[in-house]
Amino acid sequence: GNKKLSKKEREKEAAEKAKSAKANKAPPPLTTSALLDQTDADEAAGINVESEEFRMSDEDITVLKCWLNANVMAAPIKSFPGDFLDTNGKLGIDAIEMMCGKKVPGKVKKLT
């Protein structure tokens, strides 16, 4: 039933609800910019991926997806580069292995 909770019990309950909500919250979508923010790769290479010269047109992305699906991918990709990012790069490794006919040495078997 409805019983009065002490201040300490209310705080504990609120903390548990917040922890539960945080655990159930989906991570934000991965983007090239978000990944590069985690490294110095873009700066070290002198690349600004946000500039227009590095952006692919929607038509270019569609052509690339069709080519990859027809020639390389075991399972069709729907979103580029989203599907590659969602699999932590596994689709990219699979594509490389399909194109060269060899396994990529030293690849991580399982992410924890």
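**View 1. Lys-90, exposed at 51% relative accessibility, and its partner in helix 6.** Lys-90 counts as exposed because its relative accessibility is 51%, and the cut-off for that label is over 50%. Everything here comes from a predicted model. The partner is Asp-94: the two side chains form a salt bridge, with the closest N and O atoms 3.0 Å apart. Asp-94 is partly exposed, at 25% relative accessibility. Why can these two pair up along the helix? They sit 4 residues apart in helix 6, so about one helical turn separates them.

**View 2. The salt bridge between Lys-103 and Glu-97.** Here the side chains of Lys-103 and Glu-97 meet, at 3.8 Å from N to O. Is each end buried or exposed? Lys-103 is exposed, with a relative accessible area of 67%, whereas Glu-97 is buried, at 9%. Glu-97 gets that label because buried means under 20% relative accessible area. The count of salt bridges in the model comes to 2.

**View 3. A nonpolar patch on the surface.** Zoom in on Trp-67, Ile-96 and Met-99, and you have a nonpolar surface patch with about 320 Å² of accessible area together. Ile-96 belongs to helix 6, which covers residues 90–100. With a relative accessible area of 41%, Ile-96 is partly exposed. That value clears the patch cut-off, so Ile-96 can be a member: patch residues need over 30% relative accessible area.

**View 4. The second largest pocket.** Have a look at the open space here, with a volume of about 260 Å³. Which residues are closest to the centre of the pocket? They are Asn-88, Lys-90, Lys-107, Val-108 and Lys-109, out of 10 residues that line it. Sorted by class, the lining has 5 charged, 3 nonpolar and 2 polar residues. Lys-90 turns up again from the first view, where it was the salt-bridge partner of Asp-94.

**View 5. Asn-88, a residue with positive phi.** Asn-88 isn't a glycine, yet its phi is positive, at about 55 degrees. Where does Asn-88 lie? It is in the loop between helix 5 and helix 6. Asn-88 is exposed, with a relative accessible area of 56%, and it is also one of the residues closest to the centre of the second largest pocket.

**View 6. The cis peptide bond between Phe-80 and Pro-81.** If you're checking omega values, stop at this one: the bond joining Phe-80 and Pro-81 is cis, with omega about 5 degrees. Pro-81 lies in the loop between helix 4 (58–71) and helix 5 (82–86).

**View 7. Stepping back to the chain.** To put the close-ups in context, the chain has 6 helices and 0 strands. Read along the sequence, that gives the pattern α-α-α-α-α-α. Of its 112 residues, 14% count as buried, and Glu-97 from the second view is one of the buried residues.

Terms used: Residues are numbered from 1 along each chain as its sequence is written. This is a predicted model: local features need pLDDT of at least 70, side-chain atom pairs count only at pLDDT 80 or more; totals for chains, interfaces and linings use all residues. Side-chain values use heavy atoms; hydrogens and water are left out. Patches are made of residues with over 30% relative accessible area and no salt bridge: like charges are joined within 9 Å, nonpolar side chains (Val, Leu, Ile, Met, Phe, Trp, Tyr) within 5 Å. Accessible areas come from the Shrake-Rupley method with a 1.4 Å probe; for residues, only the protein chains shown count as cover. A salt bridge is a side-chain nitrogen of Lys or Arg within 4 Å of a carboxyl oxygen of Asp or Glu. Buried means under 20% relative accessible area, exposed over 50%, partly exposed in between (1.4 Å probe, protein chains only). On a 1 Å grid over the protein atoms alone, a cavity is a set of points where a 1.4 Å probe fits but cannot get out, and a pocket is an open set with protein on both sides within 12 Å along at least five of seven lines; lining residues have an atom within 4 Å of a point. Grid points are joined across faces, edges and corners, and a volume is the space filled by probe spheres set on the points. Ala, Val, Leu, Ile, Met, Phe, Trp, Tyr, Cys and Pro count as nonpolar, Asp, Glu, Lys and Arg as charged, and the others, Gly among them, as polar.
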